[in-house]
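Q: Could you take a close look at the surroundings of the bound molecule and describe them with some care?

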Amino acid sequence: MQIIRQADLRPFNTFGVPARAEALVRFSDADQLRTLLAAPDLAGLPRLFLGGGSNVLFTRDWPGVVLLNEVPGITVMKEDERHVWVKAGAGVFWHDLVLHCVDHGWGGLENLSLIPGKVGAAPMQNIGAYGVEIKDTFHELEALRLSDGALVTFDRAACAFGYRESFFKRAGKDQYAILHVTFQLTKAPHTLNTSYGNIQQELDRQGITHPTIKDVSNAVIAIRRSKLPDPAVLGNAGSFFKNPVVSEALAQRIKADHPEAPTYPAAEGGVKLAAGWLIEQAGWKGHRANSHGVHDKQALVLVNHGGATGQAIYDLSEQVLQSVKARFGVELEREVNIL
Ligand code: FAD
Ligand code: EPU
C-alpha cells in the first residue's frame, strides 16, 4: 500500500487546475480498499473517491485522502436469446466499456460514446447524452459501505436515478464506494435511438441508410468532437450547469420574447430549458478572462485556457449564474462537483 503525501492533483482533474491532497492512494479491489480504510496513517482524514476527475472542480487543496479507483474487468455474467448482462469494474474507462460492447454487438450504450471518466462514477449522476441515460440499461451495482466495509447491491430503484441525479449524490452521499456496475444490453436486432439531436443528420451526411450500433457510436463521436473540447487540449469538465427545469408559465414568458428558445418536456414535470442557450443569450459564449472562460462552441462548458485556478473558474460560474438569473429569472444549478 503506497501512500503519496501532498499529492499533486493536476493530473487527476480534467480542468487541470492546481490542488494538492494531504494523501493519495490507489485500490483495485474491495480488500485493498478495506485495508486502506482501516489504515492508521489515514485515520480521521476526509475521503474523496475519484475516477477520471472529469466532473470535479477543486477550488482549494483537498484536506484529506484521495482514493483513486482502479477496479478492472469486463465480464459477461449471463445471457439469453435477447440479452447479455455485462459487469464492469468501476476503474474501467467508460468509453472503453462502450467500445467493448459495441464491438461485441451488444446494444444500449452506443449513444453514450466518448463520455470521459470511469464506470464507477457513471451512476453517480446517471450520465446521459443523445437521448439515453445509464438508467435505461442499468441492472445493478455493487458498492462498499464505508461505515462497515460491507458489500451492498443496489438495483435500479434503489439508485433513485433522475436527470443527472442519484441516491449517491443525495441521501447516500459520501457513504459508498462503487466497485462494479452491471448493465443489461441487447443482442441484435437492436432498437436504435437516432431521433435525438442531429444523429440522423450525421448518419445521412455519412450516407448510412441502415445504421448499426457501431454507426450510431461513430455518429455520436463525430458530433461530440465538433462541439465539446477535448480535456487533453483544453481543460474542462463538460457541462458546468444542468439544463434547468422551470414552470410552464416562466417558459412561456421566455418563449414570448424568444420563440426560438429550445425547450423540452421534463420527465419530472415542467419544462426543461437549454442552459447553453440561456448563457449564450446572456452574452457569455466565447468570453475569455485571460486564463479561463466560456467555450466558444458550447456556452455550457467553462474552460481552463491554461493557468486558471479552480476558484477563478468557480467565480466565473457565479457571474454566469447571476447574469442568467437577472436576464431570464432562471436559477442555474451546477452539475460539476465543487470541492
Ligand atoms: P470523477 O470526476 O472522478 O468523480 C465524479 C464524482 O463521483 C465525484 O463526486 C466523485 O467523488 C464520485 N465518484 C467517482 N468515482 C466513484 C466511485 N467509484 N464510488 C463513489 N463515488 C465516486 N457527463 C454526462 O452525463 N454526459 C455527457 O455527455 C458528458 N460529457 C462530458 C464531456 C466532457 C468533455 C467532459 C470533460 C465531461 C463530460 N461529462 C458528461 C461529465 C463526466 O464525464 C461524467 O460525469 C463522468 O461520469 C465522470 O466520471 P469520472 O470518473 O471522471 O468521475
Ligand atoms: N445551445 C445554444 N448555445 C450554446 C449551446 C447550446 O444555443 O452555446 C442550444 C443548442 O443549439 C441546442 C440546445 O442548446 O438547441 C442544446 O444543446 P446541445 O444539444 O449541445 O446539448 P446541451 O443541452 O447543451 C446536454 C448535456 C450534455 C450532453 C448533450 C447531448 C446537460 C447539462 N448536458 O447538453 O452532457 O452531452 O446534451 O445529449 O444535460 C455533461 O453532462 O457534461 C454533458 C456534456
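A: What follows describes the shell around ligand 1 and then turns to a pocket of the protein.

The model is a predicted one, and all distances given here are computed from it. Around ligand 1 there are 32 residues, and those that come nearest are Phe49, Gly51, Gly52, Ser54 and Arg224. By type, the residues of this shell divide into 16 nonpolar, 13 polar and 3 charged. Several strands contribute to the shell, since at least two of its residues are supplied by each of strand 3 (47–50), strand 8 (128–129), strand 12 and strand 13 (235–239).

Oxygen atoms of ligand 1 take part in polar contacts with backbone and side chain. An oxygen atom of ligand 1 lies 2.7 Å from a backbone N or O atom of Gly51, and a polar backbone atom of Gly53 is 2.9 Å from an oxygen atom of the ligand. From a side chain, an N or O atom of Gln125 is found 2.8 Å from an oxygen atom of ligand 1. On its own, ligand 1 has 990 Å² of accessible area, of which the protein covers 93%.

Strand 12, which supplies at least two residues of the ligand shell, also provides the largest share of the lining of the second largest pocket, with 3 residues from the stretch 176–186. This pocket holds about 230 Å³ of space. Its lining consists of 16 residues, and Gly107, Gly108, Asp136, Thr137 and Thr191 lie nearest the centre of the pocket. The lining residues divide into 10 polar, 3 nonpolar and 3 charged.

How values were computed
Residues numbered from 1 in each chain as written. Chains lettered and ligands numbered in written order. Predicted model: local features only at pLDDT ≥ 70, side-chain atom pairs only at ≥ 80, totals over all residues. Heavy atoms only, no water. 1 Å grid on protein atoms, 1.4 Å probe; cavity = no way out; pocket = protein on both sides within 12 Å on 5 of 7 lines; lining within 4 Å. Points joined across faces, edges and corners; volume = space filled by probe spheres on them. Helix = DSSP H or I, 4+ residues; strand = E, 2+ residues; numbered from the N terminus. Nonpolar A, V, L, I, M, F, W, Y, C, P; charged D, E, K, R; others polar. Near = heavy atom within 4 Å. Polar contact = N/O pair within 3.5 Å; in protein donor to acceptor, adjacent residues only side chain to side chain. Areas by Shrake-Rupley, 256 points an atom, 1.4 Å probe, with all protein chains shown as cover.
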